[in-house]
Amino acid sequence: RAYAEKLNEDVEYWGNIALLHDFDYEKYPTAEEHPFKGAEILRAQGFNEEFISSILSHADYSGVPRDTILKKVLFACDELAGFITAVTYVRPSKSIDEVEVNSVKKKMKDKAFARAVNRDDILNGAEGINIPLDEHISFCINAMRKSKELIGL
């Protein structure tokens, strides 16, 4: 939503894609099923193909190209948001207010920390939207701070 606002895009549309892009993951966590099962569910509910294509594009293995800024931003924020959340949880206060760019970057070097998060996806995501990594991390932290009550951080 924050990048949509920054880029003068449809905040509600982008926000809904961001909200729904992993909705099927808990039930269908494998690469064979996620996000493909979710796409089937969304089609059955009448979502348009561009919406579904945007969601599919966040998975490298889907074969759906990231050919719009929305798709690039979704990919750029996906792993990073999860990583920032993990960094927040290990802070003494468990508050996003304590998280800084340097603490995120330091934890990125620790391969044992949040090992399921693909660091290359974080790096490639920032590169894909042509924003320096530090700036991208800072933007995402600040966006998450603005919604900290809603997201529980």
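Which residues are buried in helix H3 (residues 36-44)? In this predicted model, the buried residues of helix H3 are Gly38, Ala39 and Leu42. They lie on the same side of H3, because the arc they cover around the axis is only 100 degrees. The cover over the buried residues of H3 includes two helices, H2 (11-20) and H4 (49-56). Just after H3, the backbone at Gly46 adopts a positive phi of about 90 degrees.

Helix H4 contains Ser53. The relative accessibility of Ser53 is 17%, so Ser53 counts as buried, the cut-off being under 20%. When residues up to four places away in sequence are not counted, Ser53 touches Val64 and Lys71. With Lys71 there is also a polar contact, in which the side chains of Ser53 and Lys71 are joined at 2.9 Å.

A second buried polar residue, Arg119, belongs to helix H7 (residues 119-128). Its relative accessible area is 8%, and Arg119 is therefore buried by the cut-off of under 20%. Outside the neighbours within four places in sequence, Arg119 is in contact with Phe83, Lys107, Met108, Asp110, Lys111, Phe113 and Ala114. Among these, Phe113 also places its backbone oxygen 2.5 Å from a polar atom of the Arg119 side chain. Arg119 and His58 are 61 residues apart along the chain, and a distance of 15 Å separates their C-alpha atoms.

Notes:
Residues are numbered from 1 along each chain as its sequence is written. This is a predicted model: local features need pLDDT of at least 70, side-chain atom pairs count only at pLDDT 80 or more; totals for chains, interfaces and linings use all residues. Side-chain values use heavy atoms; hydrogens and water are left out. Buried means under 20% relative accessible area, exposed over 50%, partly exposed in between (1.4 Å probe, protein chains only). Helices (H or I, at least four residues) and strands (E, at least two) are DSSP runs, numbered from the N terminus. The arc is that of the directions from the helix axis to the C-beta atoms. Contact means heavy atoms within 4.5 Å. A polar contact is a pair of N or O atoms within 3.5 Å; within protein, one must be able to donate a hydrogen and the other to accept it, and residues adjacent in sequence count only if both atoms are side-chain atoms.
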